[in-house]
Structure formats: C-alpha cells, structure tokens
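Open your viewer and get ready to select residues by number. We will walk from stop to stop, and at each one you will find out what is there.

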Amino acid sequence: MPCQDRCALGCIDRLEDWLYQRGYCKLIFGFLNRFMKQLGNALVFAVYILTAVITFTSYAILLPYEQKYQSPWILSIYAAVGFYFCISIVYHYTMARTLPPISNHGKEGDKWCSKCANWKCPRTHHCSVCQKCVLGMDHHCIWVNQCVGTHNHRHFFMFIFFLSFTTIMIAWVGFNTIYDHVFETEYFYCTTTLDYAPLQTWICDQGELARNLIIFVYLLCALLILLVGGLTLWNVYLITKGFTYVDYLLSQLKMVRYFVEEKGWDGRTIGYRNPYDLGWRENWRNFLGLRRNRTFWRHVLLPSGHPPIIIDEKGDPESVLVVEQV
C-alpha cells in the first residue's frame with residue numbers, strides 16, 4: 001500500500017479513537033442517525049408523490065397526446081404494460097419499505113456485536129441507523145428508510161428493476177410528446193383536439209400545467225434512467241456473483257490485506273473466491289426464492305411476498321435455510 005494511503009488510514013484511526021475516548025462519536029453519530037431517519041421519512045413521502053405525478057402525467061397527458069402519432073391499439077398495449085409496471089413498483093417499494101430486515105442470532109464463537117451485546121451469525125452486520133444487526137445486509141437505504149437485507153433485498157431489487165424499465169418506456173413512448181412541448185410553438189396538448197383525453201379541459205384551464213408536467217416528468221425519467229438504471233445493473237452484477245454490497249466491500253478489503261500482510265503490494269489484483277457463490281443460476285434462484293415449486297412467472301413477474309432463501313454458512317447448494325417472514 002502506498003505510504004500516503006497508510007498515513008491517511010492511520011490518521012483516521014487515531015481521530016476515531018480520540019473521538020470515541022471523549023464520547024464525541026456517540027453524540028455525532030447519534031445526531032446523524034436521527035437526521036437520516038427524518039430524512040428517510042421525507043424521501044419515502046416524496047417517492048409516493050413522484051410516482052403519482054408520473055402516473056398522472058403518463059395517463060392523462062402523454063398517452064392521450066401520442067394518439068396524434070401512434071395507433072390506439074399500440075397505445076392500449078402501452079397503457080396495460082404501464083399499469084402492470086406501476087402496480088409492481090408500488091407493491092415492491094412498499095414491501096421493501098415496510099418489511100423489516102431480520103437478524104439470526106449466532107452461536108457462541110461467532111463474531112460478537114458489542115452494540116447489540118449478542119453473537120451474530122455469518123453475513124450479519126450491524127447498522128448504526130437501524131440500531132440492530134441485519135442478516136445479509138446490503139446497505140442502508142434512505143429511500144426506503146431502513147436497511148436492505150435478506151428479508152427485503154428481493155423487493156428492493158424488483159422495485160429498482162421495474163422503475164428502470166418504466167422510465168425507459170416513458171422516454172421511448174413519449175418522445176414525440178416531449179419534442180412538441182419543447183421545440184414546437186403551435187402544436188401541443190392544449191392546442192390539439194384529442195379524442196381520448198377526458199381531463200383535457202380541466203388540465204388546460206390550469207395554464208401551463210400540461211407543458212410543465214411533461215417537461216418535468218421527462219427530465220425526471222432521464223435522471224432515473226442514469227441513476228436507478230446504473231444501480232440496477234450494479235445489483236445484477238452483485239447478485240450474479242453471490243455478493244451483497246457489504247460482501248463485495250469485504251472481498252476488496254481481503255484482497256488488499258492479502259497483498260499488504262502476506263505478499264507485498266505489487267499493483268496487481270488476485271482472484272477472490274466468494275464462499276457464498278454457487279454459480280450464477282443458483283445465486284439467482286436463492287435470491288429470488290425459487291424453491292419449493294415456486295415459478296418465475298408466478299413468484300417473480302407477479303407480485304409475491306414469499307420469503308427469501310439463503311445458503312447456509314457452508315455454502316452447500318443442497319442445504320438451504322428458508323427465512324420465514326416475521
């Protein structure tokens with residue numbers, strides 16, 4: 001490890017020790033944790049409001065306006081697919097937000113959590129914001145205002161997956177709509193007679209509401225495609241490799257320690273074998289809970305609250321632990 005990096009890490013460690021000795025860390029992190037909780041409450045409310053705005057704009061303005069360019073049958077298919085996406089987004093987000101992550105207490109000899117004063121089983125990590133140990137912890141997400149762990153990880157992933165596809169579909173279907181409302185001066189929602197726009201009169205009575213909503217939703221979708229779409233691809237990679245995000249960070253730390261403590265740093269990387277990696281197919285089956293005759297069509301594509309399945313600490317694909325919901 002480069003000298004400056006070692007010095008930086010040493011300074012950080014000494015600063016943390018100094019803060020802990022004087023009780024400042026508890027005060028500082030206590031304040032930050034409370035702030036995170038309050039911010040999470042506001043962001044949860046914002047997610048539902050933005051979902052309602054996107055849904056209203058899509059069905060009341062975008063799809064009716066697109067009848068100028070596309071056939072009613074095609075728009076009907078888009079409307080049906082959009083409704084399915086909307087139901088899936090709301091369902092999986094609500095489950096990810098309300099289904100509490102769990103912690104399986106370990107046995108004597110496992111790692112000890114000083115904050116919970118209890119043993120914690122493998123793949124369990126303490127979250128200072130939730131103030132508890134979380135089994136299969138991926139990260140603490142302020143957008144669901146709790147940890148993403150074994151019990152709600154599938155719902156979180158399905159939420160961002162459906163959200164990514166929804167925003168892509170809106171951007172694709174509504175291209176003509178956004179073009180007219182940004183670049184055209186004569187043809188837009190309130191200057192066109194639309195057969196399938198029952199709220200057109202009321203919306204147009206609100207001044208520039210239609211134009212503003214179209215531009216806002218399109219910009220929001222573009223932002224979500226970049227951010228949420230990237231997050232979805234990153235989660236696909238982690239799940240395929242059998243990692244949670246915490247597992248991935250620990251694997252990188254183990255690689256660095258291998259060089260520094262055993263081999264010496266030479267700038268190269270080494271292969272790290274995740275003990276919980278059973279191959280991409282079994283990793284996805286465990287993550288999606290596709291055991292006990294569960295099917296992809298019924299328990300993945302349709303909203304389902306079935307419990308997840310994680311492999312045991314030996315990594316044996318034939319020996320699985322079913323984590324029942326509480």
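Let's start with a lysine. Select Lys68 and look at its surroundings: this residue is partly exposed, with a relative accessible area of 33%. Keep in mind that you are looking at a predicted model.

**Stop 1: charged partners**

Which residue does Lys68 meet in a salt bridge? Add Asp180 to your selection, because its side chain and that of Lys68 form a salt bridge, 3.9 Å from N to O, which is inside the 4 Å limit for such a pair. The two residues are 112 positions apart and link distant parts of the chain. Asp180 sits in helix 5 (residues 175–183), while Lys68 belongs to the loop between helix 2 (24–65) and helix 3 (72–98). Asp180 has a relative accessible area of 5%, so this residue is buried. As background, side chains of opposite charge can pair when their charged atoms come close.

Now select Asp247 and Arg123. They form another salt bridge, with their closest N and O atoms 2.5 Å apart. This pair also links distant parts of the chain, with the two positions 124 residues apart in numbering. Asp247 is in helix 8 (residues 245–263), and Arg123 is in the loop between strand 2 (118–120) and strand 3 (124–127). Is Asp247 buried or exposed? At 10% relative accessibility, Asp247 counts as buried.

For a pair within one helix, select Arg285 and Glu282. Their side chains meet in a salt bridge of 3.5 Å, N to O. Both lie in helix 9 (residues 280–288), three residues apart, or about one turn of the helix. Arg285 is partly exposed at 32% relative accessible area, whereas Glu282 is buried at 19%. In the whole structure, a search finds four salt bridges, and these pairs are among them.

**Stop 2: an enclosed helix**

Select residues 153–173 to highlight helix 4. Its 21 residues reach 30 Å from the first C-alpha to the last, close to the 30 Å expected at 1.5 Å a residue. Try showing the rest of the structure around helix 4: 17 of its 21 residues are buried, so this helix is largely enclosed.

**Stop 3: a hairpin**

Next, select strand 3 together with strand 4 (residues 132–135). The two strands run antiparallel and are joined by four bridges. Find His126, then look across to Cys133 in strand 4, which stands opposite. Four residues lie between the strands of this hairpin, and Gln131 takes a positive phi near 60 degrees.

**Stop 4: a bent helix and a nonpolar patch**

Move on to helix 7 (209–240). Its 32 residues should span 46 Å at 1.5 Å a residue, and the end C-alpha atoms are 44 Å apart, which agrees. Where does helix 7 bend? Select Leu224: the helix bends there by about 30 degrees. Just past the helix, pick out Gly242, which follows helix 7 and has a positive phi near 80 degrees.

Finally, switch on the surface and select Leu231, Trp234, Tyr237, Tyr245 and Leu249. Together they make a nonpolar surface patch of about 420 Å². Helix 7 and helix 8 each supply at least two residues, and helix 7 gives the most, with three. One of the patch residues in helix 7 is Leu231, which is partly exposed at 33% relative accessible area.

Methods:
Residues are numbered from 1 along each chain as its sequence is written. This is a predicted model: local features need pLDDT of at least 70, side-chain atom pairs count only at pLDDT 80 or more; totals for chains, interfaces and linings use all residues. Side-chain values use heavy atoms; hydrogens and water are left out. Buried means under 20% relative accessible area, exposed over 50%, partly exposed in between (1.4 Å probe, protein chains only). Patches are made of residues with over 30% relative accessible area and no salt bridge: like charges are joined within 9 Å, nonpolar side chains (Val, Leu, Ile, Met, Phe, Trp, Tyr) within 5 Å. Accessible areas come from the Shrake-Rupley method with a 1.4 Å probe; for residues, only the protein chains shown count as cover. The expected span of a helix is 1.5 Å times one less than its number of residues. Two strands pair if DSSP finds at least two bridges between them. The bend at a residue is the angle between axes fitted to the seven residues ending there and the seven starting there.
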